[in-house]
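Me: I have just started learning to read protein structures. Please pick one part of this one, look at it closely with me, and then show me how the rest of the chain fits around it.

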Amino acid sequence: MSSLVARSRDASRETRKLIERSRELIAVSRRLLNPAWRVSGASDAELSPAAAADPVALRLVIRRRLREDTLFPAPCRIWLGAGQGRFCVVCAQEISAREIENEMILGPVTMWAHLPCYTIWREESSRGQEKTLRRPQEA
Ligand SMILES: [Zn+2]
């Protein structure tokens, strides 16, 4: 009986992981299917290099984009490495060799983000999840 309970608990945990992964993929798909995200350049238009370097401005833009669904919640699983000249998915600025890049693989899509951008993005993504678990009027 107890092994049945343990197996059930494992299956439940595995299912929760799959649901979380599915949600990430749905969020990425939504972004990829939304041409306005790229064309209007939510990040390009609003985040000059100076603004991207300002953590307060960056946080406000990330918060708004998460709320408006033009940025998906930050994935939890990342790989760190030296920047290789790729563009940050959050601020759209280049990640230079002097900076650390966070690599994220979501299904067929690989993305990169600066370390500070990812950190704020992750914090704001968690904040959104906490908010939905708590009373909505707390916002
Ligand atoms: Zn960035």
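Reply: Let's start with a single pair of residues: I105 stands opposite T110 in β3. Before going further, please keep in mind that this is a predicted model. Now find E101, which has H114 of β3 opposite it. Both pairs belong to the place where strand β2, residues 100-106, meets β3; the two strands run antiparallel and are joined by six bridges.

Follow the chain from one of these strands to the other and you pass through a turn. β2 and β3 make a hairpin with two residues between them, and G107 in that turn has a positive phi of about 60°.

Now widen the view a little. The hairpin is part of an open sheet of three strands, ordered β1-β2-β3, with antiparallel pairing. β1 (79-82) and β3 (109-114) are the edge strands, each pairing on one side only. From one strand to the next, the twist averages 35°. As you look along a strand, it helps to know that in a regular strand the side chains alternate between the two faces of the sheet.

While we are on phi angles, two other residues deserve a look. Most residues other than glycine have a negative phi. A92, however, has a phi near 65°, a positive value in a residue that is not glycine. You will find A92 in the loop between β1 and β2, and A92 counts as partly exposed because it has 18 C-beta neighbours inside 10 Å. D69 is also not a glycine, yet its phi is positive, about 70°. D69 sits in the loop between α4 and β1. With 12 C-beta neighbours inside 10 Å, D69 counts as exposed, because the cut-off for exposed is 12 or fewer.

Next, let β3 lead you into the nonpolar core. In soluble globular proteins, nonpolar side chains tend to be buried together. Here the largest nonpolar core has 19 residues, and I62, C88, V90, A113, C117 and W121 have the most contacts inside it. Two or more residues each come from α4 (55-67), β3 and α5 (115-133). Helix α5 gives the largest share, four residues. A good residue to click on is W121: leaving aside its neighbours within four places in sequence, W121 is in contact with I62, A74, V90 and A113.

Stepping back to the whole chain, you can count five helices and three strands. Their order along the sequence is α-α-α-α-β-β-β-α. The chain has 139 residues, of which 19% count as buried. Among contacts between residues at least 6 apart in sequence, 54% join residues at least 24 apart.

Finally, a word on confidence. The average pLDDT of the chain is 79, and 71% of the residues score at least 70. Among the elements, β1 has the highest mean pLDDT, 94, while helix α2 (residues 35-46) has the lowest, 45. Over residues 35-45 the pLDDT is below 50, and this stretch has eleven contacts in the model beyond near neighbours in sequence. Residues 132-136 also have a pLDDT below 50, with zero contacts beyond near neighbours in sequence.

Terms used:
Residues are numbered from 1 along each chain as its sequence is written. This is a predicted model: local features need pLDDT of at least 70, side-chain atom pairs count only at pLDDT 80 or more; totals for chains, interfaces and linings use all residues. A residue is buried if 20 or more other C-beta atoms lie within 10 Å of its own, exposed if 12 or fewer, and partly exposed in between; C-beta atoms are placed from the backbone. Two residues are in contact if their C-beta atoms, placed from the backbone, lie within 7 Å. Two strands pair if DSSP finds at least two bridges between them. Axes are lines fitted to C-alpha atoms, for helices over the stretch in contact, and angles run from 0 to 180 degrees between N-to-C directions. A nonpolar core is a set of buried Ala, Val, Leu, Ile, Met, Phe, Trp, Tyr and Cys residues joined through C-beta atoms within 7 Å. pLDDT is the predictor's confidence in each residue, from 0 to 100.
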